[in-house]
Structure formats: C-alpha cells, structure tokens
Amino acid sequence: MGIYSRKRKKSSFRIFILILFILSIFLVLSYYFFYPNDLKTVIDENLPEKVIETQNELEIVSEINERKYSQSEIDLSNYLEISDLDKSIKDFIQNNPDFIINVLRKYQDEQNKIEQEKINQQNNSNIISLNLFDNPMIIGNKNATKIMYEFVDYSCGYCLKFHQQVLSVLNEDQNTKLVIMQMPILGENSITFSKIAIAASFQNKFEEVHNYLYSSNRKSKMTDILGDLFLMNIDITQLEKDINSEEVVKVILSHEQFVNEFKFNGTPAIIIGETIIPGYIEKDKIIEILENEFS
C-alpha cells in the first residue's frame, strides 16, 4: 500500500505540472492573439479626437492618391502609335495647306505687330529727345509752336522738291517752323555743304545759306559758292575756319546719332508732331498732317 501511494502521488504531481504547462501555453497564445486589439482600443480611447481625425484624413488622402496614380498609369501604346501620329500630321498638312498658311500668316502678323509696337515706343522716345535738342538751324518763325523736322542732304533731288513745298507752307502759316537736321549721305559734296550750313548757323546766317544751297543759283565750284556767300554778308574767313573746326564735326555727329536712332536710310526724312514720313510729300499732305498733329 505504501508503494502504491507514492506512485499515485507522483502521478498526480505530473498531471498537475502538465496542466500548468498547458495553461501557460494558452496564456501565451491569448496574449499574442487577443491583447494587440485590446491595446489598440485602449490607445484609441485615450488619444485626443483631433489626432484620430488627422489619422483618418491621412488615410483618406492616401487612398485618393493611390486611386489617382492607378488611373493615370495608362499605357498609351495600346491606343496610339508614333508612326500613326506622324502619318496623321503629314496627311493633315497635305490636305489642308490653306490652314497651315493662315496659321503662319497669323503668327507673322502677330510678330510684326509686336515689333511695330516696339518701334513706335522707341520713336516716341526719340521724338521727345529731338524736341529737347538745342538746334539753331531753323527755317521760318523761330517762336512758332508747330514744329516740323527735316533730315536733309543738299545733293538730294527730293529734298530740293520738298524744300519748295515746305516754303509755301511756311509762307502761309506763320505759326509753323522747320528745324533742319543734317544727314549727308550722298558723298563728299554733301558733307561739305552740311559743314557750310552748320558754320553759317554760327553767324546766324543759316536760313539764307540753306535757301541758297537749294536754289538754282548755287554754283558748282567751291570758290564760286564762297563768292556768293560773301555777297550775302557772310564772314568768309570765319566761315572757312568754322568749317574745319571740331564744333562742326560735333554737330554732324550729334545729328548722325538721331539718324541712327530713327533708323533713317534716305532723305528727306520728315517728322511732324509724332508722325514720321520716310520720304517726299506734297504741300497738301504737309498741311493735313499739321492739322492732325497740332489741332
């Protein structure tokens, strides 16, 4: 009986140990499978509401982005081949030449418009500078309020014709004056005549010399021209000295600067108010522009 009792006690102890082991395993498994959810619930209950809302918003934004990127990832190769596109463009151009020409013409018109606006702005700025420029070479009433500018070359036939037209206007309208800008571009004689006119302005004799250089009485030889100027009470000694002076050269260069800024390439070049006329015009046109600019 004693031996049996010990064996029975030992068996009961082993069963107890086995039950403890099984319970331990059960607790471990319960911890891993059930505790995380409980923990999340506890954390969520203790988090501020704003933090939870922010998390929810981030989840929504992430979901939207995933949808967007998934929708944008479309393989266009299933719908369009590059060779097909090139052929379609080529066929369209061949079948619609007028359309292409109109597009190019419209583009060119727009570019011309932009360029013309730039030129107009530059010309307006140049005209302001011209009005501020001190120039004693004036024909007509020096106190007149209506001003015309003429860029001249004394060897230019059209300048001679314009001179005859503008003198008629000045004789009829005493409130108009003509300011002369030198633009000698037709050779050495043109430069020499410009120097004579500028030098004469130093003696307040510009208008007389200017009219002489455009008259039919102008001689061809320089000695004869100087003889005629002598008869007009011009100091020939001083005139010859001034012709070769740096002052005359400076005046020519200052006039040349305006020529370059306006981009004139021929004479006469005329400015009336804000209107620029790159060439000869008749008396009636001169009067019309004067009325439009100074009315």
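Mentor: Buried means under 20% relative accessible area, exposed means over 50%, and partly exposed lies in between, with a 1.4 Å probe and protein chains only. This is a predicted model, in which local features need pLDDT of at least 70 and side-chain atom pairs pLDDT 80 or more, while totals for chains, interfaces and linings use all residues. Residues are numbered from 1 along each chain as its sequence is written, and side-chain values use heavy atoms, without hydrogens and water.

Trainee: Why is Cys159 called buried or exposed?

Mentor: Cys159 has 0% relative accessibility, so it counts as buried. Cys156, at 8%, is also classed as buried.

Trainee: How many disulfides are there, and by what rule?

Mentor: A disulfide is a pair of cysteine sulfur atoms within 2.5 Å. The count by this rule is zero. For Cys156, the nearest cysteine sulfur is that of Cys159, 3.2 Å away, so the 2.5 Å cut-off is not met and Cys156 is in no disulfide.

Trainee: What makes Glu172 and Lys283 a salt bridge?

Mentor: The term requires a side-chain nitrogen of Lys or Arg within 4 Å of a carboxyl oxygen of Asp or Glu. The closest N and O atoms of Glu172 and Lys283 are 2.5 Å apart, so the pair qualifies. Glu172 lies in helix H5 (residues 157–172) and Lys283 in helix H11 (residues 283–294), so the salt bridge ties together parts 111 residues apart in sequence. Helices here are DSSP runs of H or I with at least four residues, numbered from the N terminus. At 54% relative accessibility, Glu172 is exposed.

Trainee: What is the N to O distance for Asp228 and Lys219?

Mentor: Their side chains meet at 2.8 Å, N to O, in a salt bridge. Asp228 has a relative accessible area of 15% and is therefore buried. Lys219, at 34%, is partly exposed.

Trainee: Where do Lys285 and Glu288 lie?

Mentor: Both are in helix H11, three residues apart, about one turn of the helix. Their closest N and O atoms are 3.7 Å apart, which makes a salt bridge. The structure holds four salt bridges, these among them.

Trainee: How do you know that the buried residues of H9 share a side?

Mentor: In helix H9 (residues 236–243), Ile236, Leu239, Asp242 and Ile243 are buried. They cover an arc of only 125° around the axis, which puts them on the same side of H9. That arc is taken from the directions from the helix axis to the C-beta atoms. On the other side of H9, Thr237 and Lys241 are exposed.

Definitions and conventions:
Helix = DSSP H or I, 4+ residues; strand = E, 2+ residues; numbered from the N terminus.
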